[in-house]
Amino acid sequence: MSSPIPESSATYGVVQEHEIPKRSALRFNLTIALLVWALWLAFGGRAAISHLFVDWKVALTMVFGSLVGGGTSEGGGAIAFPIFTKLLHIAPRDARNFSLAIQSVGMGAASLSIPYLRIPIERRALLFAGIPGVFGVVFGAYFIAPHIPPVFVRTSFTVLVSSMGVALLLINREKTVLRNERIPIFTAREKSILIAAGFLGGVVSALVGTGENSVVFMVMVLLFRISEKIVTPTTVILMTMVTIPGFLLHVFVLKDFTPIVMGYWLAAVPVVAVGAPMGAWICAHMKRHSIVLLLLFLIALEFCSTLLLVPMSRPVLWVSLATLAVCGCIDWAMSQARRYRPETLHPPIHKLETEV
């Protein structure tokens, strides 16, 4: 168990498992789903049911997207955005708006289930990365997204998730890894890092509909050395904090949430209301290395599909590779930092050792 430590530090050791009866978890998730379904029918009426059948490809996509969104740090947009832009040939702007809209429902539902299931999270990150993320998504929507060509939007998403793959490979390259349960040192420096990561993640989310979760995930796992099992549900809640205002911004202020995207959204809402909380519950019962392997598989799939399906000119290819190289160097630099490594922290503590 953890030892008493100074106020500027956190607790360490094996993450405590809080067993929740399966019936209780399933009952809570079903309650959320029924509430969302009722609101869905009240809002959409017959049109909602019609879109569920007409846009069945979207609903099928979000069966997998909602599980990923609720259970991993990639978000449902990590499934929706690439399939929409590569296979269904939907404009990146519409795919981004859909990702923000559907994650508001799916990851919002998962965010409700996380505290109910008593899944451990790093609460301080919600304040210092979540609020800047909201400012970032607004800033990005107004000043950056309108000036980025669609092909760069497609490839920037691939660069984002690929850099997260680099981060996972770097942090798990050793057979036995040590993890913190929380940010071990929390001073003005750590607050500034979280603020910067949150704002950058919000800007990325304004471009592709997801990103707050991925950027903060890399910082918390690579630099602060926190277990993926804790970071994952934390970033699910962070993404919810960004997607809801981002969604409302496009609907009521920018007014570019088109009727077509509305139809896609209506088709997917009843699916994600079940899938996202279920994904959070599944993730809570998975081992850490299983979560890592799942993330790496999804990232490899995204990278390969971009190379095969997205036509890129030579300048786009070089810019994308250069950006990925820069992100990789930043990831490597964070992985080399020793300030937050459990084995270097004082006073001596019990550490979480995990075979990978």
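How many helices and strands does the protein chain have? In this predicted model, the protein chain has 13 helices and 2 strands, and the views below go from the whole chain to a few of its parts.

**View 1. The whole protein chain, with its buried residues and its contacts.** Of the 356 residues in the protein chain, 56% are buried. When contacts between residues at least 6 apart in sequence are considered, 85% of them join residues that are at least 24 apart.

**View 2. Helix α10, which runs from residue 228 to residue 253.** This helix has 26 residues, and the distance from its first C-alpha to its last reaches 36 Å, close to the 38 Å that is expected at 1.5 Å a residue. Helix α10 is mostly covered, since 19 of its 26 residues are buried.

**View 3. The crossing of helices α9 and α10.** Two packed helices are described by the angle between their axes and the distance between the axes. Here the axes of α9, which spans residues 212–223, and of α10 come within 8 Å and cross at roughly 150°, and the crossing in which α9 passes α10 is right-handed. On the side of α9 the contact is made by E212, N213, V216, F217, M220 and V221, while α10 contributes E228, V231, T232, T234, T235, L238, M239 and V242. By type, the residues of this contact divide into 8 nonpolar, 4 polar and 2 charged.

**View 4. Two loop residues with positive phi, R225 and K255.** Most residues other than glycine have a negative phi. R225, found in the loop between α9 and α10, has instead a positive phi near 60°. K255 follows α10 and is found in the loop between α10 and α11; its phi is also positive, at about 55°, although K255 is not a glycine. Are these two residues buried or exposed? R225 counts as buried because its relative accessibility is 10%, under the 20% limit for a buried residue, whereas K255 counts as exposed because its relative accessibility is 66%, over the 50% limit for an exposed one.

**View 5. The largest nonpolar core and W265 within it.** This core has 91 residues, of which M62, F98, I102, L194, F224 and W265 touch the most other members. Helix α11, residues 259–284, gives the core its largest share, 13 residues. When residues up to four places away in sequence are not counted, W265 touches F43, F98, A101, I102, V105, F247 and F257.

**View 6. W281 in helix α11, and L117.** W281 has a relative accessible area of 15% and is therefore buried. Although W281 and L117 are 164 residues apart in sequence, their C-alpha atoms are 7.7 Å apart in space.

**View 7. The surroundings of S113 in helix α4.** S113 has its place in helix α4, which covers residues 92–116. Its relative accessibility is 0%, so S113 counts as buried. Which residues does S113 touch, not counting those up to four places away in sequence? S113 touches F28, N29 and I32, and it also touches P277 and A280.

Key. Residues are numbered from 1 along each chain as its sequence is written. This is a predicted model: local features need pLDDT of at least 70, side-chain atom pairs count only at pLDDT 80 or more; totals for chains, interfaces and linings use all residues. Side-chain values use heavy atoms; hydrogens and water are left out. Helices (H or I, at least four residues) and strands (E, at least two) are DSSP runs, numbered from the N terminus. The expected span of a helix is 1.5 Å times one less than its number of residues. Buried means under 20% relative accessible area, exposed over 50%, partly exposed in between (1.4 Å probe, protein chains only). Axes are lines fitted to C-alpha atoms, for helices over the stretch in contact, and angles run from 0 to 180 degrees between N-to-C directions. A crossing is left-handed if the near helix is turned anticlockwise from the far one by less than a right angle, and right-handed if clockwise. Contact means heavy atoms within 4.5 Å. Ala, Val, Leu, Ile, Met, Phe, Trp, Tyr, Cys and Pro count as nonpolar, Asp, Glu, Lys and Arg as charged, and the others, Gly among them, as polar. A nonpolar core is a set of buried Ala, Val, Leu, Ile, Met, Phe, Trp, Tyr and Cys residues joined through side-chain atoms within 4.5 Å.
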